[in-house]
Amino acid sequence: MNSKFTKSTDAKKQEAMWERQHELAADKIYSMCYELGGFFLKVAQIVGKPDLAPAAWVRRLVTLCDRAPATPFEVVQLVLEKELGQSLGKMFERFDVEPLGSASIAQVHRARLRGTKGDVAVKVQHPGVQDLMMTDIHNLQAFAFYLQKTDIKFDLFSITKEMEKQIGYEFDFLREAEAMEKIQHFLRVNNKKVPVLVPRVMRELVTRYVLVMEFIDGTPILNLGDEIAKRGINPGGKIAAMAKQNILKNLTLAYGQMILKSGFFHADPHPGNIMICKGSEVALLDYGQVKDLPDSLRLGYANLILAIADNDPVRASQSYRELGIKTLSKCEDEEKEMLKLAQTMFDTKLPPGVTMLQPFSEESSIKKIAVESFPEELFSVLRTVHLLRGLSVGMGINYSCAEQWKPIAEEALYIAGRQRFPSEFPLSFTSKELEARGPKSSFFRRIFGRA
């Protein structure tokens, strides 16, 4: 009895000691990323996820999503007046001096345009941030090139090249406005009720450095637990669990449609970009990082989703080849490890009993199946899935996006003429749309009762 008590006490002491160490480390990493700014704020977003880092790190680093160093208001005013050609007083009835949030590239202020009733969000780019961030990325590329020659057998250099391209796009707010309108239209056309809300753009008030859009009122997903508790609901109870599941379901549906049906998708679903509105509606903000996948990769990924959902190692191996992922096998059962690698990289579900991933541990699939070459354009898909996984782990929900995306992947492959017909027929396309886009066959007669 005493022996058991001693062991239990020792374990608690050791756990408390590690927690203190994690808190100290989190403070140091936070300070470093905050002071260096630029790209290192994005590093904090990538590292500070519940499926990759200790809880103390997540709590500390996640605040950098929207609490990065802000540009002084005097500078913001100069940028706005120069870009939009009018004084702030003429354009806005009210303009909040304190930003709603400040991220790595820009900050956002709440305001109201003259002669209007609703509020707007004004996004203003930090002056000089582009040069700083690109210098950071070039340094990272040199480090990645060195790392992939060590024991980390993964094509990290290609990933940093894609990051350079994608982050480079974030500095053009005209491109971001077009992306918002395109995704908003796509989701509206493909759903009776849109799974996520996209802010409406004020087209006449958009330049390369300034973006004025509809203000969406809601609770940041980071504060969801506190908001639920304020309403007198148990954050760990059934009602809260249902709300979280509904939020995750809507996000997953939106991303499945964007990636697999369109190929054009929002590629930055970190917690700072997700708001929860009335009725558990989800708003997706910040379209600086979007990706337009070519059909070959979109359909190749659809094939991989079916392999993961069906637990099919042969199809997973074939999908890797189709996607251009080149590997160097280091184990006997190559196809089984290829499937495990696909699940680790491209699905949100964690293995039973696992709460935190260790992608480069000795037993990991990445160690056993070295990734020699990874297509740059797939990195945005990889990052998006991992951010969704971080959200799900943070909510305490372990689910498979591949299983939820299976009907959408089947639909995409069917329309491309690569699949006979889905096992579960999804009704996201109308009969006319399917008939116009799908292969001509008796399928429509059977499904829609055509003569």
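**Exercise 1.** State which residue follows helix α11 and the sign of its phi.

*Solution.* Helix α11 is followed by N311, and the phi of N311 is positive, near 55°. The model is predicted: local features need pLDDT of at least 70, side-chain atom pairs count only at pLDDT 80 or more, and totals for chains, interfaces and linings use all residues. Residues are numbered from 1 along each chain as its sequence is written, and side-chain values use heavy atoms, with hydrogens and water left out. Helices are DSSP runs of H or I with at least four residues, strands are runs of E with at least two, and both are numbered from the N terminus.

**Exercise 2.** Determine how far α11 reaches and whether it is mostly covered or not.

*Solution.* Step one: α11 spans residues 295–309, and its 15 residues reach 21 Å from first C-alpha to last. This is close to the expected 21 Å, taken as 1.5 Å times one less than the number of residues.
Step two: twelve of the 15 residues are buried, that is, under 20% relative accessible area (1.4 Å probe, protein chains only). Among them are L297, Y301 and I308.
Step three: the cover of these buried residues includes α10 (238–262) and α16 (401–415).

**Exercise 3.** Describe how α10 and α16 meet.

*Solution.* Step one: their axes, lines fitted to C-alpha atoms over the stretch in contact, come within 9 Å and cross at roughly 35°.
Step two: the contact (heavy atoms within 4.5 Å) involves residues including Y255 and L260 of α10 and W405 and I408 of α16.

Notes: Buried means under 20% relative accessible area, exposed over 50%, partly exposed in between (1.4 Å probe, protein chains only). Axes are lines fitted to C-alpha atoms, for helices over the stretch in contact, and angles run from 0 to 180 degrees between N-to-C directions.
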